[in-house]
Amino acid sequence: DNKEAKESRGRAEGRDRIRLTVETIALGLGFIIAVANIGYLYVAVQSTKISATAATAAQQGAKASAEQASATKSSIDSSVANFRLEQRAWVGISGLTLTVAKEREPLRAEGDVANTGKTPAFNVRVEKAGIQTNYGPLDIDGFISSGKLKKPTQPSGISIILPNGSAKIPFHTDQDLTDTWAKQISDHTLWVYLFGDIRYRDAFGTEHLTRFCGIYDPPTKRF
């Protein structure tokens with residue numbers, strides 16, 4: 001009996017040792033797996049942070065590139081605008097003179113439409129232009145809108161004016177001057193106005209408007 005009891009205890013102790021060994025191995029494996037999971041989690045978190053940092057850097061880089069592209073475009077646009085400004089046609093009027101101010105003749109004047117720019121002016125035309133007398137100040141816009149400016153007193157179009165070129169345009173009244181009007185113009189009681197719009201297109205396709213208005217000065221015989 002003692003022998004059998006001893007053998008039974010030995011077998012039990014053997015099983016316990018085996019079970020303990022298995023449990024120890026399982027516990028070790030579990031610890032290793034847990035450590036591996038923690039390491040994986042750490043790597044995943046770090047990878048996420050790195051990805052987020054890379055995405056932020058990419059966004060900032062894209063924003064910087066867009067800003068640089070916008071700045072470059074603005075610089076190019078500014079350079080083009082300055083080039084066009086320097087090279088475009090500039091059309092105005094000069095040399096306005098009263099050529100005839102005699103009784104029983106229409107009041108006549110003329111001026112030079114000139115291009116002082118570096119490229120030709122195209123489709124040049126003079127609009128809403130005329131010569132008009134008035135006792136004192138005259139509201140030009142009001143006069144034109146009233147319909148009293150009945151017809152143009154000069155050619156409606158000059159076509160093309162080359163750089164440093166000019167074209168002379170005439171003006172005249174519809175009525176002949178009376179002796180009284182001629183004298184009043186001479187002593188500046190009756191004022192003489194010369195006015196109009198010059199429209200033209202530059203070499204870059206942009207339309208422009210130059211408005212002019214002059215008052216006749218009897219001593220100098222100019223406007």
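## Salt bridges

A salt bridge here is a side-chain nitrogen of Lys or Arg within 4 Å of a carboxyl oxygen of Asp or Glu. With that in hand, R211 and D197 make a good starting pair: their side chains meet in a salt bridge with an N to O distance of 2.9 Å. R211 lies in strand β7 (residues 207–215) and D197 in strand β6 (residues 191–201), so this pair ties together parts that are 14 residues apart in sequence. D197 counts as buried, at 4% relative accessibility; buried means under 20% relative accessible area, exposed over 50%, and partly exposed in between, with a 1.4 Å probe and protein chains only.

In total, the structure holds 9 salt bridges. One of them joins D112 and K168, whose closest N and O atoms are 2.7 Å apart. Since D112 lies in strand β2 (residues 106–115) and K168 in strand β5 (residues 166–176), the pair ties together parts that are 56 residues apart in sequence. R125, E127, R199 and E207 are linked in a network of salt bridges. Within this network, the side chains of R125 and E127 meet at 3.6 Å, N to O. R125 is buried, with a relative accessible area of 17%, while E127 counts as partly exposed at 29%. As a general point, side chains of opposite charge can pair when their charged atoms come close.

## About the model

This is a predicted model, in which local features need pLDDT of at least 70 and side-chain atom pairs count only at pLDDT 80 or more, while totals for chains, interfaces and linings use all residues. Residues are numbered from 1 along each chain as its sequence is written, and side-chain values use heavy atoms, with hydrogens and water left out.

## Overall architecture

How many helices and strands does the protein have? Its secondary structure comes to 3 helices and 7 strands, where helices (H or I, at least four residues) and strands (E, at least two) are DSSP runs numbered from the N terminus. Read along the sequence, the elements follow the pattern α-β-β-β-α-β-β-α-β-β. The radius of gyration of the protein is 48 Å, well over the 17 Å that the globule rule gives for 223 residues, so the protein is more spread out than a compact globule. For reference, the radius of gyration is taken over C-alpha atoms, and the globule rule is 2.2 Å times the number of residues to the power 0.38. Taken along the principal axes, the C-alpha atoms fill a box of roughly 165 × 35 × 30 Å.

Of the 223 residues, 25% count as buried. Among contacts between residues at least 6 apart in sequence, 71% join residues at least 24 apart; contact means heavy atoms within 4.5 Å.

## Surface and charge

The protein exposes about 14700 Å², and carbon and sulfur atoms supply 57% of that area. Accessible areas come from the Shrake-Rupley method with a 1.4 Å probe; for residues, only the protein chains shown count as cover.

There are 28 positive and 24 negative side chains, and the centres of the two sets lie 4 Å apart. Lys and Arg count as positive and Asp and Glu as negative, with His and the chain ends not counted. Each charge is placed at NZ of Lys, CZ of Arg, CG of Asp or CD of Glu.

## Residues to look at

Most residues other than glycine have a negative phi. R104 is not a glycine, yet has a positive phi of about 65°. R104 is found in the loop between β1 (91–100) and β2, and is exposed with a relative accessible area of 61%. N164 also has a positive phi, near 65°. N164 lies in the loop between β4 (157–161) and β5, and counts as exposed at 70% relative accessibility.

Where does P218 sit? P218 is in the segment after β7 and is buried, with a relative accessible area of 12%. Not counting residues up to four places away in sequence, P218 touches I185, S186 and H188. T178 is in the loop between β5 and α3 (179–186) and counts as partly exposed at 34% relative accessibility. T178 and E103 are 75 residues apart in sequence and 4.9 Å apart in space, C-alpha to C-alpha. S78, found in helix α1 (residues 2–87), is separated from W90 by 20 Å between C-alpha atoms, the two being 12 residues apart along the chain.
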